[in-house]
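Trainee: I would like a close look at one part of this model, the largest cavity, and at what surrounds it. Could you walk me through it?

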Number of protein chains: 2
Amino acid sequence: MAASTLTSRTLASLAAKVAPISVSSQLKFSDLEMYQQPKDMRRKKMDLGKLKCGQQFADHMFECYWNDEHGWMKPRISPLHNLNLHPAAKVFHYGQELFEGLKAYRGVDGRIRLFRPQLNINRLLSSADRVGLPVFNGGEFLKCLVQLLKVDSEWVPNFAKGSLYIRPTFLGIEPRLGIGRSMDAVLYIICSPAEGSFSTTAKPVHLFADPKFVRAWPGGTGDKKLGCNYTSTLMVQREAERLGLHQVLWLFGPDHRITEAGASNIFMLMKDDVGNVELITPPLNGIILPGINRQSILDLTRDWNEFKVSEREVTMQELQERLAKGQLLEMFGCGTASAISPIERIVYKKDGRLIDLRLPTTQQSNSLYKRIFDFFVDVQLGRKKHEWAVEVD
Amino acid sequence: MAASTLTSRTLASLAAKVAPISVSSQLKFSDLEMYQQPKDMRRKKMDLGKLKCGQQFADHMFECYWNDEHGWMKPRISPLHNLNLHPAAKVFHYGQELFEGLKAYRGVDGRIRLFRPQLNINRLLSSADRVGLPVFNGGEFLKCLVQLLKVDSEWVPNFAKGSLYIRPTFLGIEPRLGIGRSMDAVLYIICSPAEGSFSTTAKPVHLFADPKFVRAWPGGTGDKKLGCNYTSTLMVQREAERLGLHQVLWLFGPDHRITEAGASNIFMLMKDDVGNVELITPPLNGIILPGINRQSILDLTRDWNEFKVSEREVTMQELQERLAKGQLLEMFGCGTASAISPIERIVYKKDGRLIDLRLPTTQQSNSLYKRIFDFFVDVQLGRKKHEWAVEVD
């Protein structure tokens, strides 16, 4: 299969934006092997009334194996299938694993689009480097991803119903006990249709902020998208749910700095004593995931140039003071799964006491989070032409 | 198979020591199903001249599947085989995985022994609880583990050659994208013959101490044996090797407290200005793995009652001062893989400068680390009768 049959001009220019990294044996789109499920053997079309994100999967998957000695094998698209791994595979013991999450949107014109996929791929490469997995040419990988979407384009829901969640995953699979980087790896992509309405705004969330739970720390891996960052959060999430709250607001340090919420980056819109407005998100100091939506909100609002846009620390102390003075206007999370989530309430555990903070996020007129949400949706659904949207077909 | 056919008196009393935990559907030894490899189909006997720990595996494995709705399935011993998992299995994405490491020793009398296995099993249960995997009756699990050793007893090397490393592993395998605990799990055990001479003492190690690398953090998972704790160490280990050193000495906090070395706990033998001797290991403050050898060294030396035994913090500052005054006598790591490793050298990166510290550990007469090493080996090989040694056959 020649690369040229797939590469639209949009894709070619995109591939150039994703920095190629020098490796001896490249992952190449032109090597892609296709084993398509016969049409009559494909699973029943998804029931559009009951999309269960993360539990239903598209018919095909992409995969490519790597070995330290031989480099990358030929990449392949084939029917979704189980992985067959030795019980001593590194991934089962030392968490040598990482992933990405992005979505394919079917626009109002019926066409399928991705949202800044090159940022996901660059982050994937950065995560791989952190755990000693091999890097590869991101542009070639993007072409393979796009080809997978073409094969399973029927799985991208109509824009009124949702989107197709795309999960690139990268595992160290050498069957060898002993701490050390893996000499074998598999890079794969699976897709799952996700519910999500684009006509109304996201549901408001309630957060539990307990400084005893720490998601990431300096010298750790909180700025990469590694499986290990999520392990410790599984049980903490349960604590939040016990209190009837949705997610955890992750704090850091003795001054209880705000870092992330659940698996989302976080933004606060505040004004100062003389009424100057400032949009704030925590800086990329090593414990914050460099989110694609985070970057896009910064890019967008800086382009708008209507208020000050800052990457700086905010403590719970400052948040409480601003809230008390009526200077906290909005607070919202952003991530691929939920896009933009307005935050309505924070239950803050301080010195053993629970402080219930009610935020006015959803009560503002012409609220910022809705403007951003609408902008993203307009780009994703093709209502607004923008270079962030990459057309797949 | 009736439990009584396997339960020796030693095992029965041990099973009682491992606290049973109330669950609705128990993992039961009496349910164990056996599918043995026919003798003539077993792999060639291991080449005793070339034991490659972690790369060769015994003929059989133990496994037991669990489901949130149905509880534990029947446990099974069968020929070693690959795991067949959905690419969306939680373990591949959110690091829901944990393990244990212990060894089976063939004694001078030819019998096979374990070393305090109930401590490993209790730690396994504690790790499982931390990541939302189900707990089970540790005594029943121990009986299954012992049965696996009986089936593969030929894989336990002669004491002059090494031991059989045993790796219980527990994975969340529900095929569902989305952060949250797994509703399906598999608990398994694989075994790998490990080289290791018991006639000479362990090789001295050289450590790299750079405060910029942080293994664990309060509020994290450093006190559990989870895969996620090892992910971030893979690349740091490479930094040590670049400097010609063996392992990393993990420091913590602005005062550079000593925590662990590589994947080992750490001990220091020091004397004060008036000559009083103190054996020190960092306390179990949430960022230290509660090692079995660590506990055994504390138990043993407290029983000896020859010097003060402390669980307290030691900073790099104190270590350097004591070393300069000739008051640092010995420093050694302990872990299942290496038993006791004397530390000869630390390269300490402070304010961008490398400080080369040479330790007198291996130059002491009647050194403590050797006495402990010899005691452990005598118990493990059955030269000394002790309740810590559990006879398997």
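To start with, by what turn and what shift along the axis can chain B be laid on chain A?

Mentor: Happy to. Keep in mind that this is a predicted model. A turn of 180 degrees with a shift of 0.0 Å along the axis lays chain B on chain A, and the RMSD is 0.0 Å. The two copies are therefore related as by a two-fold rotation axis. The same surface serves both copies, as 96% of the contact residues of chain B recur in chain A.

Now to the cavity you asked about. The model holds five cavities of 30 Å³ or more, and the largest cavity encloses about 180 Å³ of space. Its lining is made of 16 residues, and those nearest its centre are Trp217(A), Thr221(A), Cys228(A), Asn229(A) and Cys228(B). Two elements give two or more residues each to this lining: α5 (228-231) of chain A and α5 (228-231) of chain B. Sorted by class, the lining of the largest cavity counts nine polar, five nonpolar and two charged residues.

For the wider surroundings, turn to the nonpolar cores. The largest nonpolar core has 84 residues, and Phe62(A), Leu114(A), Phe62(B) and Leu114(B) touch the most other members. Leaving aside residues up to four places away in sequence, Phe62(A) touches residues including Leu32(A), Pro75(A), Ile77(A), Phe141(A), Leu148(A) and Tyr188(A). Another core, of 39 residues, lies apart from it, with Leu80(A), Leu85(A), Ala88(A) and Met61(B) among them. As a general background, nonpolar side chains tend to be buried together in soluble globular proteins.

How values were computed. Residues numbered from 1 in each chain as written. Chains lettered and ligands numbered in written order. Predicted model: local features only at pLDDT ≥ 70, side-chain atom pairs only at ≥ 80, totals over all residues. Heavy atoms only, no water. Least-squares fit on C-alpha atoms with pLDDT ≥ 70 in both. Contact = heavy atoms within 4.5 Å. 1 Å grid on protein atoms, 1.4 Å probe; cavity = no way out; pocket = protein on both sides within 12 Å on 5 of 7 lines; lining within 4 Å. Points joined across faces, edges and corners; volume = space filled by probe spheres on them. Helix = DSSP H or I, 4+ residues; strand = E, 2+ residues; numbered from the N terminus. Nonpolar A, V, L, I, M, F, W, Y, C, P; charged D, E, K, R; others polar. Core = buried A, V, L, I, M, F, W, Y, C linked by side-chain atoms within 4.5 Å. Buried < 20%, exposed > 50% of the residue type's maximum accessible area, 1.4 Å probe, protein only.
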